[in-house]
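Open the model in your viewer and keep the selection panel at hand. The stops below say what to select next and what is there.

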Amino acid sequence: MKFYIKTFGCQMNVNESEIMSGLLTREGYEWTENPENANLIILNTCAVREKAENKMHGAIGEYGRFKNKNKDLILAVGGCSSEKERDEILKRHKKVNFIFGTRNVVDIVNMVNRAKRGEKFSDFSDKLSDMSHDLPKMPNSLHHAWVTIQYGCNKYCSYCIVPYTRGFEKSRDFEDIINEVKDYAKKGYREITFLGQNVDSYGKDFGDGKPKLDKLIKEAAKVEGIERIWFMTSYPSDITDELIDTIAKEPKAANYFHLPVQAGSNNMLEAMNRKYTKEQFYKLVHRVRSKVKGVTLSTDIIVGFPGETHEDYLETLQLIKDIRFEKVNIAEYSPREGTIAAKFKEDNVSKEEKNKRLMEIVEIEKNIGREENEKYAEKIIRVIQEGKTKHGMHFGRTINNKVVMFDSIDEYNGKYVDVKIRRVSAGPLYGQKIADETQVDFKKEDPTLKIFD
Ligand code: SAH
Ligand code: F3S
């Protein structure tokens, strides 16, 4: 039996799809690239913005039509939109066999078996305690792995649906995570990214109330074979000095923080129920930059939140210009039914104004990106080669998350490569591969931020 999974949204979904693929493959199901050939199609959906949800409805329609030809096709819908819409999906889309939640992906084989027996159902049970390092997975990459360390979110930002779709925050067992990292290392993986909505509060729910991401990174760094450790996403006010010190001192920890600030005005931050002020955010950035060599920062911004005035927006612009983020994910505010903002605040910034603000920030981001990247022109930098783009060039990332394009061969995927930068853009750097780890002993040198003339 062939299966196909369409994944929308964040890396958590990507990771959960890898687990479902692994479990189904273990049962003898076979992955197909072509949904038309599949007997089982799973949509792993996102609900963060209305656009994402519309995509889900479109995809259900599209894949549902395959049933005209293939009567036995099983169509399942999981992920955040499934949680948000629940039985509405079954009512609206008659071709869907079953819907499931964000906390029971581990039960996918059972659910498919129920559907095969002709059952039409929704199942939102909590099976997180069955998640463990020895679940089979089918990752896309052979050298970089996603490792979820925390489920759910307790922050209740007023605009955000995630706490309702992913439930309360729950940290995964420390030993279990390290065992997963060891498993990946044994298979030859060299990079891992710890995933969660607020990874910097990892472990706060273990009893002593103290976050433990720093300890987790230190322990993972001891695993032989693992060369780089990334983590996403950090909640700005949960970052501890211990975490910053660990990133500064641990050579394997990536010098990169994704710090979603969302807005640069205290009025907006308060209305969004973010638990920090603009001033505290500036201070945090200062703390990080003064300790972590070559660190790069990226962020998420929402424009057009209810009540956002032109002045509020200008404060956000100023913050972006001051901090000079490497990357800014910008979203127009999208009211999400069930959230506090959707209930109590009128979506009163016009579509045109939201779009204007968004485009202006995109332009500023590009200028900052180009200027920052100029610093790398004609330098030699060290990356781990990740793979090939659609256009045929290979690419890799530096330890501070700079993406570099160059001509190479697949044999070097997962290997350290030194690249001389010949051209910069607002996005990637472009260069020429001048050496790889078969020629240079990278362990003797600083394997981290390798920028030398
Ligand atoms: N902690 C997670 C947040 C998940 S949502 C993380 O940072 O990855 C991802 C981003 O989507 C948020 O940071 C926010 O910028 C954006 N977002 C969430 N809800 C939104 C909404 N209702 N409208 C527009 N953007 C939203
Ligand atoms: Fe959403 Fe805020 Fe949590 S953006 S995921 S409620 S930290």
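Select Glu180: at 3% relative accessibility it is buried, where buried means under 20% relative accessible area, exposed over 50% and partly exposed in between (1.4 Å probe, protein chains only). Add Arg172, which is also buried, with a relative accessible area of 7%. Arg172 and Glu180 form a salt bridge whose closest N and O atoms are 2.6 Å apart; the term stands for a side-chain nitrogen of Lys or Arg within 4 Å of a carboxyl oxygen of Asp or Glu. Elsewhere, Glu53, Lys84, Glu85 and Arg336 are joined into one network by salt bridges that share partners.

This is a predicted model, in which local features need pLDDT of at least 70, side-chain atom pairs count only at pLDDT 80 or more, and totals for chains, interfaces and linings use all residues. Residues are numbered from 1 along each chain as its sequence is written, chains are lettered from A and ligands numbered from 1 in the order in which they are written, and side-chain values use heavy atoms, with hydrogens and water left out.

**More salt bridges**

How many salt bridges does the structure hold? The count is 38. For one of them, select Arg103 and Asp126, with 3.1 Å between the closest N and O atoms. Arg103 sits in the loop between β5 and α5 (108-116), and Asp126 in the loop between β6 (121-123) and β7 (144-148), so this pair ties together parts that are 23 residues apart in sequence. Helices (H or I, at least four residues) and strands (E, at least two) are DSSP runs, numbered from the N terminus. Is each partner buried or partly exposed? Arg103 is buried at 9% relative accessibility, whereas Asp126 is partly exposed at 41%.

Next, show the side chains of Arg114 and Glu119, which meet in a salt bridge (2.9 Å, N to O). Arg114 is partly exposed at 23% relative accessibility, and Glu119 is partly exposed with a relative accessible area of 33%.

**Asn97**

Keep Glu119 on screen and add Asn97, which lies in the loop between α4 (87-92) and β5 (98-100). Asn97 is buried, with a relative accessible area of 15%. Leaving aside neighbours within four places in sequence, the contacts of Asn97 (heavy atoms within 4.5 Å) are Lys67, Leu73, Ile74, Leu75, Ala115, Glu119, Lys120 and Phe121. For a long distance label, pick the C-alpha atoms of Asn97 and Gln385: 41 Å in space, and 288 residues apart in sequence.

**Ser201**

Go to the loop between β10 (191-195) and α8, where Ser201 lies. Ser201 is buried at 1% relative accessibility. Not counting residues up to four places away in sequence, Ser201 touches Gln150, Glu169, Ser171, Pro211 and Asp238. From Ser201 to Pro428 the C-alpha distance is 31 Å, with their positions 227 residues apart in sequence.

**Helices α9 and α12**

Select residues 241-249, helix α9, and colour Leu243, Ile244, Thr246 and Ile247, which are buried. They lie on the same side of α9, because they cover an arc of only 160 degrees around the axis; the arc is that of the directions from the helix axis to the C-beta atoms. What do the buried residues of α9 pack against? Show α8 (213-221), β11 (228-232), β12 (256-258) and α11 (278-291) to see their packing partners.

Move on to helix α12 (residues 310-323) and pick Thr316. Thr316 is buried at 2% relative accessibility. With residues up to four places away in sequence not counted, Thr316 touches Ala263, Gly264, Ser265, Ile301 and Glu308.

**A surface patch**

Turn on the surface and select Tyr156, Tyr164, Ile340 and Phe344, a nonpolar patch with about 430 Å² of accessible area together. Patches are made of residues with over 30% relative accessible area and no salt bridge; like charges are joined within 9 Å, nonpolar side chains (Val, Leu, Ile, Met, Phe, Trp, Tyr) within 5 Å. Accessible areas come from the Shrake-Rupley method with a 1.4 Å probe, and for residues only the protein chains shown count as cover. Ile340 belongs to helix α13 (residues 340-344) and is partly exposed, with a relative accessible area of 43%.

**Domains**

Finally, colour by domain: domain 1 (2-127), domain 2 (130-372) and domain 3 (377-452), with bounds from an automatic or database domain assignment. The centres of domain 2 and domain 3, taken over C-alpha atoms, are 25 Å apart. Between these two, 20 residues of domain 2 are in contact with 23 residues of domain 3.
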